[in-house]
Amino acid sequence: MQKTINRKDYYGGALMVLIGLGAIYGGTDYHIGTLSHMGPGFFPAALGGLLALTGILIAISARSGESTPPAPGDGHAHGLPDLRGSVCILLGTLAFLLLGHYGGLLPATFAIVFISALGDRKNTVKQAFVLSVGMSVIAVVVFWWALQLQLPLFRWG
């Protein structure tokens, strides 16, 4: 049993720690406040802390993994990187921006989740659809109803 370092997870975790620390530092430029009276710097500092903590956990898990060879069929035979996930996430973000501006919260949320979910080769269209519907319901409840976000559910034009 040989222990190795999964370099992608290790460096990815370290990058998350750096970005999280940067968000905490950026949040301190604003008034942070308290839990009951949050200032504008509270949210970026809190998210930065969670991001840094998550990065630490990912880096720790990368160091403690056992060496396992990649499963047959992983990656491409021609050695090129698989860009499907990156492209789908980028397209999902662009769809959210366009549909959020011209269509409203509901179509924008559905589009970003659906397109991004298709970036995972293991997801089917049906699974992406079900995930998109579920996340759209959650977005409506959390952002439109509970937080009363000033983005309409539907907008035509």
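Q: What is the relative accessible area of Arg-84?
A: This is a predicted model, in which local features need pLDDT of at least 70 and side-chain atom pairs count only at pLDDT 80 or more, while totals for chains, interfaces and linings use all residues. Residues are numbered from 1 along each chain as its sequence is written, and side-chain values use heavy atoms, with hydrogens and water left out. Arg-84 belongs to helix H3, residues 84-102 (helices, H or I with at least four residues, and strands, E with at least two, are DSSP runs numbered from the N terminus). Arg-84 counts as partly exposed, the class between buried (under 20% relative accessible area) and exposed (over 50%), using a 1.4 Å probe and protein chains only, because its relative accessible area is 31%.

Q: Which residues does Arg-84 contact, leaving aside its neighbours within four places in sequence?
A: A good place to start is Gly-119, 35 residues away along the chain, whose C-alpha atom is 5.4 Å from that of Arg-84. Contact here means heavy atoms within 4.5 Å. With neighbours within four places in sequence left out, the partners of Arg-84 are Leu-118, Gly-119 and Arg-121.

Q: Where is Leu-118 placed?
A: Leu-118 touches Arg-84, Cys-88, Thr-124, Val-125 and Ala-128, not counting residues up to four places away in sequence. Its C-alpha atom is also 9.6 Å from that of Gly-92, at a sequence separation of 26 residues. Leu-118 itself sits in the loop between H4 and H5.

Q: Is Gly-92 buried or exposed?
A: Gly-92 is in helix H3 and, leaving aside its neighbours within four places in sequence, is in contact with Ile-112, Ile-115 and Ser-116. The C-alpha atoms of Gly-92 and Gly-119, 27 residues apart along the chain, lie 9.6 Å from each other. Since its relative accessible area is 0%, Gly-92 is buried.

Q: What is the handedness of the crossing of H4 and H5?
A: The axes of H4 (residues 105-117) and H5 come within 8 Å and cross at roughly 145°. Axes are lines fitted to C-alpha atoms, for helices over the stretch in contact, and angles run from 0 to 180 degrees between N-to-C directions. A crossing is left-handed if the near helix is turned anticlockwise from the far one by less than a right angle, and right-handed if clockwise. By that convention, the crossing of H4 and H5 is right-handed.

Q: How many charged residues are in the contact of H4 with H5?
A: On the H4 side, Leu-106, Thr-109, Phe-110, Val-113 and Phe-114 are among the residues that make the contact, with partners in H5 that include Ser-132, Ser-136, Phe-143 and Trp-144. For sorting by class, Ala, Val, Leu, Ile, Met, Phe, Trp, Tyr, Cys and Pro count as nonpolar, Asp, Glu, Lys and Arg as charged, and the others, Gly among them, as polar. The residues of this contact divide into 16 nonpolar and 3 polar, and the number charged is none.

Q: What does the side chain of Ser-136 reach at 2.7 Å?
A: Ser-136 lies in helix H5 (residues 125-146) and is buried, because its relative accessibility is 7%. Leaving aside neighbours within four places in sequence, Ser-136 is in contact with Leu-106, Thr-109 and Phe-110. At 2.7 Å, its side chain reaches the backbone oxygen of Ser-132.

Q: What is the relative accessible area of Ser-132?
A: Ser-132 is another residue of helix H5. Not counting residues up to four places away in sequence, Ser-132 touches Phe-110, Val-113 and Phe-114. Ser-132 is buried, because its relative accessible area is 0%.

Q: How is H1 oriented towards H2, roughly parallel or roughly antiparallel?
A: The axes of H1 (residues 7-27) and H2 (residues 42-63) come within 7 Å and cross at roughly 160°. Under 35 degrees counts as roughly parallel, over 145 as roughly antiparallel, 65 to 115 as roughly perpendicular and the rest as oblique. H1 is therefore, relative to H2, roughly antiparallel.

Q: What is the sign of phi at Gln-148?
A: Gln-148 lies in the segment after H5 and counts as exposed, because its relative accessibility is 56%. Most residues other than glycine have a negative phi. Gln-148 is not a glycine, yet its phi, about 50°, is positive.

Note on methods
A polar contact is a pair of N or O atoms within 3.5 Å; within protein, one must be able to donate a hydrogen and the other to accept it, and residues adjacent in sequence count only if both atoms are side-chain atoms.
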